[in-house]
Structures are given as C-alpha cells and as structure tokens.
Amino acid sequence: AADLATYSLALGDDALVMSQRIAEWCSNAPDLEEDIALANIALDLLGQARLLLARSARADSSLVPALPDDSPVPPEDALAFFREAREFRNARLTEVPRGDFAEVVTRVLLFSTWRLAVLEQLRSSRDTVLAAVAAKGVKEVAYHRDFAARWFVTLALGTEESRRRLLSALHGLWPLWPELFDDHADDLALAAAGVGVAPSTVRDAADDVLDEVLAAGELERPAPARLSGVNGGTGRDGMHTEALSLMLAEMQSVARTHPRGQW
Amino acid sequence: AADLATYSLALGDDALVMSQRIAEWCSNAPDLEEDIALANIALDLLGQARLLLARSARADSSLVPALPDDSPVPPEDALAFFREAREFRNARLTEVPRGDFAEVVTRVLLFSTWRLAVLEQLRSSRDTVLAAVAAKGVKEVAYHRDFAARWFVTLALGTEESRRRLLSALHGLWPLWPELFDDHADDLALAAAGVGVAPSTVRDAADDVLDEVLAAGELERPAPARLSGVNGGTGRDGMHTEALSLMLAEMQSVARTHPRGQW
Amino acid sequence: MLQEHFDATIARNDRIEPRDWMPDAYRATLVRQVAQHAHSEIIGMQPEGSWIGRAPSLRRKAILLAKVQDEAGHGLYLYSATETLGVSRDELTEMLLSGRQKYSSIFNYPTLTFADVGTIGWLVDGAAICNQVPLCRTSYGPYGRAMIRICKEESFHQRQGYELLMTMMRGTDEQRAMVQESVDRFWWPSLMMFGPPDADSPNTARSMAWGIKRNTNDELRQKFVDMSVPQAEALGVTLPDPDLRWNEERGHHDFGQPDWEHFMQVVKGNGPCNAQRLAHRQRAHDDGAWVREAAMAFARRSEQERATTERAAS
Amino acid sequence: MLQEHFDATIARNDRIEPRDWMPDAYRATLVRQVAQHAHSEIIGMQPEGSWIGRAPSLRRKAILLAKVQDEAGHGLYLYSATETLGVSRDELTEMLLSGRQKYSSIFNYPTLTFADVGTIGWLVDGAAICNQVPLCRTSYGPYGRAMIRICKEESFHQRQGYELLMTMMRGTDEQRAMVQESVDRFWWPSLMMFGPPDADSPNTARSMAWGIKRNTNDELRQKFVDMSVPQAEALGVTLPDPDLRWNEERGHHDFGQPDWEHFMQVVKGNGPCNAQRLAHRQRAHDDGAWVREAAMAFARRSEQERATTERAAS
C-alpha cells in the first residue's frame, strides 16, 4: 500500500499547502466578501488535507515521522507538522509565496481546474476513502473554480491596472501548470488498479476549461515554458522552491516547540 | 549572579534581535554600499550578542533552556534558539518587522544612540567581561550611529518623498524610544554595585544626541506618546509585540528541528 | 405624533424597524454603537488571525480559521444593519480608518502565545456574550436580529476556546504555564470590555431608556465575574485578582477594579497594538483598492453590454 | 602601432592597464566577462542569504552573514573594474535586469536545506576558485588584481563550507542524510559551472589568445573533479556519478557528462530559480530608487550650500 500512501500524501499535501497559503489572506482581502470566500476555500482544502493525510498514514505508517513515545500527536498531524520540506510531495504551484489578489485568483483557478478534473475521476476509485473524499471534494472544488473564474474574468476585463496585474500573475504561474499533469510511477500503477487517477489523463479536460476562461477574459494562453525541476525532480519528488521551507518554519513552529503537547 | 545574568541577557537579546532584523536587509538594500554597511552592523551586534548571552549563561545557568543530555548545543546557542518569545528580554524597538530604508535608518539611529550611551558607561563595569564587551562595542556602535545619522539627515533633506517616509518611520518608532530608558530592579542593584548601568541615567545624553541629529535634519521631536506595556510589562519583562514570535519561528526553525545537531 | 409612536413602541419593548420614524439622536447613537461593534469584529480578526498559520494541529487550524471567518461574517451582518440606518459600509470604513469611530479596546492587546487563542475564546468572547445577549432584545429590529445570529456563533466560539484551554491543561507543564500566563494577561482587559464604571458612563441611562442597552456596565461586569470564577476553577487556573472572593451576603463575587487610567490610555490610542491594528486595516484596504475599482469597471461594462444587447434585440 | 604594442604586452604576459589602447573586441569581451562575474556575485547573495535568518548556531549565522557580505564586496570591486573600461554600474545593472547580460547559472538552483550552505561553499566556491585562480594572471590589470583579492576570500569561504559539512557529518543521521542529499543536487550543476565542453565553446580560443582566459573549460573541469574526489571521500559522501573512477593511464579521474540540454534550458532562463532571482533583484532595485534619488538630491543641495558659502566668503 506504499503507492496508495504516497498518492494520498501528494493529494493531501497539495491541499494542505494551498490551504496554508490561501489562509494568509485572512483579514487581508480587498473586501469582506472575498475574505470570507478565500477562508472558505482554505477551510475546504484543509478538510481534504486531513482526510487524505490520515488515509496516507493508515496505508503506510512508515511514512509518519517518529515522535516521542508519549506524544499524543495523531498521525495526520505528525505528517503535517513534523516532516521537513524535502518530504512534502505537493506540486510547486501550491507553495509559491502570497502575491496580490490577481495572483491568488489565478492560482486558485489553475489549481482547482486541475484538481476538479482529478477528483471527478477519483469519485469512482476502488478505495472507498479516496472515493468519498473525491465525492465531497468535487462539490467544494467546483465552487472554488467558479469563484476564481469569475474574478479572473472580472480582473481581465476590469481596468487597465487589473488586466496588467492579472497578466503578470498568469505569466508568473504558468510555468508551474504542466507539473500538475506529470505522471509518476505510483500514479500509473494505482490508476491501472482503479484506485488513483493518472494526472496526464485529465490534461485535455483541464486545458479545455482553462481555454474557455481565458477566452472569456479575452486572453491568449501564455508563452512561458515549464519550470525546470531540480536534480530531475519536481514538487512531487520533494524538490521544491525555497519558499516551502520558510512557510513550514512558520506553520510548524508551535507544534515542534511542544512535541508532547495536547491541543 | 541572577541579576547579572538577566542584565547581560537583556543587552544580549537587544543585540541578537536587532541583528536578526537588520540581516533581513541582506541583498535588499538600495545599493551595494548600504547592503555591506547594514551587514556590518548586523555582524557587530551578532558578535556582541554571542558574548553577552555566554556571559549570561555563565552567571546563571538556570536561565539556559534544558536540552537532551547528548545535545552538543553551547549555552549561548541554547539561549538564542530554544527560548520562546516570552523569555526574551529585548526592548520592543528591536523586534519591529522590517520596514523601508527610512525605517531601518531611524531604528538604527535610535537604538545605537541609546546603546552607545550605555556602553560608554559600561566600559568601567567591575565585571571584566561586560567591560570588555563595552570597550569593543563602543567603537562599533559609534560607527553604526554615524552611519544612521548621516542617512537620517540625507533622507530628511533629500526629496519630498524621502522626508515623508522618514517622518512616517520616526513617528512609528518614537513610541518605543522611552522604553529603552526604563529602570528595572535588576538594573538599579547592578548599577549600585558598579557592574551595570541604570538606563535612566543615560536618557539626557541620548536625548541631546538625538536632538542634534533632528536639528540637522530640520525636524522637531515627534509627538506620539510611549507605547503601553502589556499587563504592566514591556519587552524587558518578556511582554513583546506579535512580531517577535513570528521572527523566532523563522530564526529557530532549523535548530529546533535538530536539537541534537552539530553545526 | 411620530415621537409618540416611537415612544410607545419602545415602551412596550417592541422593535423599531428601518421604515419607522426615529429621533435623530436615537439613529446616531445606534449607528455609533452598531458601527463600533462591526469594526470590532473586523479588527478582531487580526489578533487571532496571526495564529492561523501556526496552529499546532490541523483540527485547531480549521477551528481557528472558521472562527476568524465568522468574525468577518459578523462584520458583514452588522454593516448591513447600519445600512438600514442610511450609512454605507464605505463611509464607516472611512470613519474607522480615520480614527473617528472606535472598536473594542480588547483588540489593542497582542496575542503572544497560542494559548491566547483559547483565552480569547473563553474570556473575550465570554465577555462579549454577556454584553451581547441582552442586545438580542435591543429595540432596533435589524440590530437585534443580527445579534441573535451572532450570539449563537459566539457561544460556540466560547466553548471551543474553553475546550482548547482544557485540553492544554491536560498536556505538559509548559502548556499549563502558557495557559496561566495567558489568563493573567487577558483577565483585566476582559473586565474592561464592559466599559467604565456606571458612575463614569454618562450615556448609559439614555441608551437604556431607548432600549438600545438593557443592562448597566457594572451589572454585566458582575455577571461575567460570577460566571468566570467557577470556570477558572474547573480549568485549574488562578484569576490574577487578590481581591476576588465570594460575598455570601451579596450573593456575588467581590473583585478588584481594573486600572482605568491604563484603560483610558488604550482607548485614546496608546495601547500596545492600536497603531498596528489600524495600519494593518489601512494596508489591506489600500491593497484592495484596485480590485474594487476593477469590479466596478467590470460591472459597468457588463451593464453596457446588456443595454447594447437589449437595444439590438428590441 | 597601438595594436603592436597591445600584442607585445599580451605576448610577454604583461598587464593591459585602463590608460592603454586595446582592441574594441578585447574591451567588449572583457566587459561581458567581468560584468557577468560581478552579476554572479550579486545574484549569488540570494540563495545563501535566505538561510541567514535560519542559521542554527550563532557562529554559523555570523560566518554566513559575513560570507554573503563578502559577495557584495566582490560585486563592488568587479563593477569598479568595469568602470575602468568605461561602463558604469548603473548601465550594467540595467543590462542584468533586462536579461541582456547573464550571471552564473549555478545560482538558478534553489537552496533547500541548511546543508546547501556548506555544499555551496565546498563545491560551488570550489569550482569558482578553479575558474578564477588562473584569472589572477589575466591580461587586464584591474580585473587581475580584483581576482587576487576575491580568490583569497573565496578559498576562505570554501574551507568554511567544507568545515560545516564535516561538522554535520559528525552529527546525527538526519544531518548526514541532509549533506548527502545536498551534494547529490549540487554536483552536476557544479560541473556545469565550467561551461560547455571545449568543442562547443567557440570563444575560448580567442579569449585564451588574449590572455583573458588561461585554461579551457574541460581542463578546469578535470582539475575540479580530481580535486573534489578525495575531499568527498574524506567527508564520507558519495558523488552521484556512476562513471566516476580513477584512470591510472591518464592520471586523472574519468567522469560522466552533465545533462547539457538541461544546462541550456537553465541558461535560456527556464531554470528553477531564474525568474525568482531576477524578480528579487528588480524589487530591491525598485524599492531603493527613492533612496538613491534622495541621496543625489542631498548631494546637490550640499554642493549648492558649499558654493553659496564660498561665494559669501570670497
């Protein structure tokens, strides 16, 4: 069940890291309505992360970092708070530091377009936990995508300034889009077994959705090439950007200071 | 020697936290010359911090956080990397998050004006370690003050924009100036014993220097009142701003992840 | 005639509704009070918000994020209530940022440890509930109805905060010390949340006559202390007041007075976080300006397009 | 005449100085090379700089901060050397930010753990030294003299980096794994620092003829590998090249080829950090604009005041 564990971990880490970044918007959004909407998205993803990390830990407990014997930390928290950056398997798109509102809109659009396509297929997973997470997640992520698409078009057609910012966000994030569709060995085996979804198989569906949103915003697909990996690996292999370890320094600080703490 | 320990700790924490904040300027300064100058200031203060924290630990080892028996971490590092914000005794001026260049210039001006006045007196401390740190520190901090004063006047008289930014920095930091001159019970006892310096006794000297710099910049002393303490305490009592714990989350992250690490 | 109708409605504890006539002073007092409450919700997002990123378990992170989100929601209802009084959210935001309207002083204290998340839930939300439950029966309809919803959520938050502290008290020695230290810091500011002693609160009488307020500051403060003492015992923490003891005769706890001079300093703007809180709000507001402009431009554009389409179709 | 004098100077391995005549192509090649080196020092501050705040001991924090500061200093000398060739720092900064001049591709890789600080010292500074030691004898005087100073400091940095890795290898299992993982990531990019194979490096011959370069890329790469292998053994790490072995006949190590296609991607701007590094530099440059303007305005003002005083005195 090692491949199920790493597969769940990747889906869970995506949700966790994305949630952490979006939650940074709390009390910082352009207006109350967007503050609430972004918090909602962060909450939904956090919920998905908890279930997926727990699934991962149950599938292969050797992934869970060792803690003192008397530590009451549950496995999904041990995974979230006691792994180092090198052990996170999220795609790099999710970890980029918080930018402006155009950036978060674009990031949520790209992420949820991809994730929705994956979850839609994952609903028929033979793993009942994954199937259940996907069934619930489809509704949530569809809402995230709609929120992001609506704002994406609004910013694209709003003012010169908003269009300039949106384009800058899109060009900045575009190099991270292809990584989401990379197949890993685990993915293929799991897909063949009817448990997981091979990311490459949802590429066309995701691209179609994105093209529609781009067209509504009177925009072309951007040009920048994909971001190189590091030593042949990307986020899924634990090869991240410099931003992730800094994000984790904050996220894990209280938990690591009190490894025997009860919360 | 508990009062010597807490006194050295306060002076050491001031230097450490200030150094950490100034080092954040590295690769971010307006030009190479300022990048180098700020790194120099951060390095000098870091050097002072090491000696003062070591002095504190030797004066009262009970202040040093307990670590695993086989941890090779020296006491000054244990103090720097394994205390929580509540246990830091630095003045709040030092911990304020990094602002613009006017902010760092003003902060270094205020801090080094105060610290130079203290160190000048501390050179004749009966504690030979403190006296030695002070003797070396006087030369360093005099340079820091000159650097800051020169830029302070430059920004005050440069452009409208630079004057506006300088005033904003000055008004923002001014409420933290009086705290530097608060006497604590430890200080008075130690001053009476010829070991420490009662902060209140350097207030006039420091104010005079500051008035001179303000006059050169054609500025008045700002109006804002001192920043309230929390539950009757200030930085010296471990009552800090919200910024300190976030700063420590970053600063301590690697050390805390590897409490048995050798570096 | 109008005044009589208004007085009669108040007299029979009935609600004034937006379409009803009301005295200018009543309207102004309400606007001030509801706006201050709304601002408090919005500013109150900051002290706890800074711990969302560091919450030490996924469950606590979710609870905290949901709570701070609820505060934004409360701000939203309350700004809507002021809109029924003819004042827009934009105007009120301007008043907040320029310092002409206040928010609760409790949010001018810093959150220094994760225990503060629990303490704010227990004591600060607890005090808020004491203040707010009577406001569910306030004379102005939209405000009272908003308060009913808010109070329900606030008591949920209070229970969650208390439960966090309970859990931490079952943890390590360091965690217990953290809880006690947090309670030490928040106890007195919580007592100050009820406002100055009745003798120094000139507006209370009129607000009570109008049914905007239902209890005096001192009554509510007493109620809060009586409620909190057994909770502190159950928790295993000491409340930092040497004068706190049960008074059999009064059937209430006697307790010490907060440092009202310090309180006035904080109200006047010199609290530990006043400048920080307003600067945060101002920055978020400024950073969002281009987004709000884009949304308006897009709405105008869509409107024009619709108009063009309709003309073409007609 | 001028050309002969220049050729003769080069031929006897003597230095060309700023006042001497030199061919335009020699000047242009030098400006490009020195500027690229200067930019590399400045951009090179970023990958290590991001760990200053997290260095896990006070001693390592001081060493790292001093090192990154030295890099700024190297940038300063090198920009001064280009100034003797008639090109200002401002112009070169513009060229860097607009992408018309490059910096060493090694800085387009991220630093992912604190071990990278040591590995960069050992391998990256080590490779830089192999490249730079011959440049101390380069034909252009100011460049050669800057290189002498820089090389001295670089070898100090290299020793410190190696010593950090040594210390970590004596630490915990996690630390040893961290060192190995870091070496795995930096080995190939370090080999790429010597540039493409000689067969694909068309400018090498001319640069060598001019005494700007003193060795071919492949010669230097071989030297670096031969130097690093025993150091890796002493450290207890494995270099991630299955083809690496001692060749008795050649008296050198045989080794595998880096992925040159990937190298060209990184050079063309698609490396993991190209955009990030330039954006950082651009932001710092933009943020500092008002300060540089203020300094110029202040200098003009002081100049005017001096002039006024002098007129009054005369």
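Here are four worked exercises on chain interfaces and helix packing in this structure, which is a predicted model.

**Exercise 1. The interface of chains A and C**

Task: Describe how chain A meets chain C, going from the extent of the interface to its chemistry, and find which helix of chain A gives the largest share of the side that touches chain C.

Solution:

Step 1. Begin with the residues: 48 from chain A are in contact with 49 from chain C.

Step 2. Turn to area. The size of an interface is often given as the accessible area lost when the parts come together. Between chain A and chain C about 4,000 Å² is buried, and carbon and sulfur atoms give 69% of that.

Step 3. Look for specific pairings. There are three salt bridges between chain A and chain C, and 15 residue pairs are in polar contact, with both residues at pLDDT 80 or more. A salt bridge here needs a side-chain nitrogen of Lys or Arg within 4 Å of a carboxyl oxygen of Asp or Glu. A:Asp31 and C:Arg89 form one, with 2.7 Å between the closest N and O atoms.

Step 4. Assign the chain A side to its elements. Those giving two or more residues include helix H1 (2–23), helix H2 (32–59), helix H4 (101–122) and helix H5 (128–157) of chain A. The largest share, 11 residues, belongs to H2(A).

Step 5. Sort this side of chain A by class: 24 residues are nonpolar, 12 polar and 12 charged.

**Exercise 2. The interface of chains C and B**

Task: Work through the contact of chain C with chain B, and say which helix gives the most to the side of chain C that touches chain B.

Solution:

Step 1. On the chain C side 18 residues are in contact with 16 residues of chain B.

Step 2. The buried area is about 1,400 Å², with carbon and sulfur atoms giving 53% of it.

Step 3. Two salt bridges link chain C and chain B. C:Arg277 pairs with B:Glu242 in a salt bridge whose closest N and O atoms lie 2.7 Å apart. Seven residue pairs are in polar contact, both residues being at pLDDT 80 or more.

Step 4. Helix H8 (173–192), helix H11 (260–270) and helix H12 (274–287) of chain C each give two or more residues to this side. H8(C) gives the most, with four residues.

Step 5. The classes on this side of chain C are seven nonpolar, six polar and five charged residues.

**Exercise 3. Two helices of chain C**

Task: Classify the packing of H7(C) and H10(C): roughly parallel or roughly perpendicular?

Solution:

Step 1. The axes of helix H7 (residues 141–169) and helix H10 (residues 217–235) of chain C come within 10 Å and cross at roughly 30 degrees.

Step 2. Angles under 35 degrees count as roughly parallel, so H7(C) is roughly parallel to H10(C).

Step 3. Now the residues: C:Gln158, C:Tyr162, C:Leu165, C:Met166 and C:Met169 of H7(C) make the contact with C:Met227, C:Gln231, C:Ala234 and C:Leu235 of H10(C). Seven of these are nonpolar, two are polar and none is charged.

**Exercise 4. Two helices of chain D**

Task: Classify the packing of H2(D) and H5(D) in the same way: roughly parallel or roughly perpendicular?

Solution:

Step 1. Helix H2 (residues 24–43) and helix H5 (residues 89–97) of chain D pack at about 75 degrees, their axes being 11 Å apart.

Step 2. The range from 65 to 115 degrees counts as roughly perpendicular, and H2(D) and H5(D) are therefore roughly perpendicular to each other.

Step 3. From H2(D), the residues D:Val31, D:Ala35, D:His39 and D:Ile43 meet D:Leu92, D:Thr93 and D:Leu96 of H5(D). This contact has five nonpolar residues, two polar and no charged ones.

Methods: Residues are numbered from 1 along each chain as its sequence is written. Chains are lettered from A and ligands numbered from 1 in the order in which they are written. This is a predicted model: local features need pLDDT of at least 70, side-chain atom pairs count only at pLDDT 80 or more; totals for chains, interfaces and linings use all residues. Side-chain values use heavy atoms; hydrogens and water are left out. Contact means heavy atoms within 4.5 Å. Buried area is the accessible area (1.4 Å probe) that two parts lose on being put together, summed over both. A polar contact is a pair of N or O atoms within 3.5 Å; within protein, one must be able to donate a hydrogen and the other to accept it, and residues adjacent in sequence count only if both atoms are side-chain atoms. Ala, Val, Leu, Ile, Met, Phe, Trp, Tyr, Cys and Pro count as nonpolar, Asp, Glu, Lys and Arg as charged, and the others, Gly among them, as polar. Axes are lines fitted to C-alpha atoms, for helices over the stretch in contact, and angles run from 0 to 180 degrees between N-to-C directions. Angles under 35 degrees count as roughly parallel, over 145 as roughly antiparallel, 65 to 115 as roughly perpendicular and the rest as oblique.
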